[in-house]
Amino acid sequence: MGSRPSLFSPNVSQYLLDLEEEQIVEEIVKHPICMVYPAALVITGVIVILISPSGGPFWALVCLLGFVISCVGLWKYHALNMDRFVVTNMRVFRVHGVLKRDIATIPLMRILDITVHQTLTGMIFNYGHLTFESAASQGMRKITFVANPKSRDLIIQGVIHRSGVRRAASAVVVADGT
């Protein structure tokens with residue numbers, strides 16, 4: 001593996017199963033619409049600093065407030081940038097977190113159903129949410145703000161089909177006679 005965790009990059013390749021020859025099919029970042037709120041915070045903080053009356057009794061406090069607002073916006077932007085959903089030839093997993101990493105995984109053979117949710121805003125800006133139904137999806141049930149959710153669903157369905165998981169499951173049902 002050789003790659004180390006980083007505070008500035010999610011580096012999802014470090015979580016691949018090298019001995020099993022796992023390969024990334026798709027690495028999905030949050031839709032750009034998620035960045036509107038953090039950007040608004042940064043801009044608000046800068047505006048507060050710029051319009052603060054210099055030399056007034058509360059000048060330092062107002063500047064500190066603007067700085068804190070901007071830092072919160074930058075932190076939220078960075079946290080969104082570190083959130084990745086990955087589709088491989090063997091599983092789907094999500095890596096997120098800045099100071100600590102949370103990793104949730106569902107093997108392809110455990111995925112029973114994927115539901116795509118799109119609101120009116122999601123249809124306009126082409127984003128949606130993917131909900132996984134699985135035998136063991138406690139750690140990763142819903143992936144939010146996915147760009148091109150319908151095409152991402154088709155990619156995952158194609159990977160599941162190519163892996164032979166669905167064919168193997170249907171062969172078991174036929175062999176049992178049910």
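1. The largest cavity is lined by Ile28, Val29, Lys30, Asp83, Arg84, Phe85, Arg94, Ile143, Thr144, Phe145 and Val146. Here a cavity is a set of points, on a 1 Å grid over the protein atoms alone, where a 1.4 Å probe fits but cannot get out, and lining residues have an atom within 4 Å of a point. β7 gives the most to this lining, four residues.

2. A caveat on the source: this is a predicted model, so local features need pLDDT of at least 70 and side-chain atom pairs pLDDT 80 or more, while totals for chains, interfaces and linings use all residues. Numbering runs from 1 along each chain as its sequence is written, and side-chain values use heavy atoms, with hydrogens and water left out.

3. Now the largest nonpolar core (buried Ala, Val, Leu, Ile, Met, Phe, Trp, Tyr and Cys residues joined through side-chain atoms within 4.5 Å; buried means under 20% relative accessible area with a 1.4 Å probe, protein chains only). It has 17 residues, and Phe85, Val92, Ile111, Phe132 and Ile156 touch the most other members. α4 gives the most to this core, three residues.

4. Phe85 deserves a look. Beyond its neighbours within four places in sequence, its contacts (heavy atoms within 4.5 Å) include Glu26, Val92, Arg94, Phe132, Ile143 and Ile156.

5. On α4 (helices are DSSP runs of H or I, at least four residues, and strands runs of E, at least two, numbered from the N terminus): its buried residues include Arg152, Asp153 and Ile156. Gly164 follows α4, with a positive phi near 85°.

Notes. Buried means under 20% relative accessible area, exposed over 50%, partly exposed in between (1.4 Å probe, protein chains only). On a 1 Å grid over the protein atoms alone, a cavity is a set of points where a 1.4 Å probe fits but cannot get out, and a pocket is an open set with protein on both sides within 12 Å along at least five of seven lines; lining residues have an atom within 4 Å of a point.
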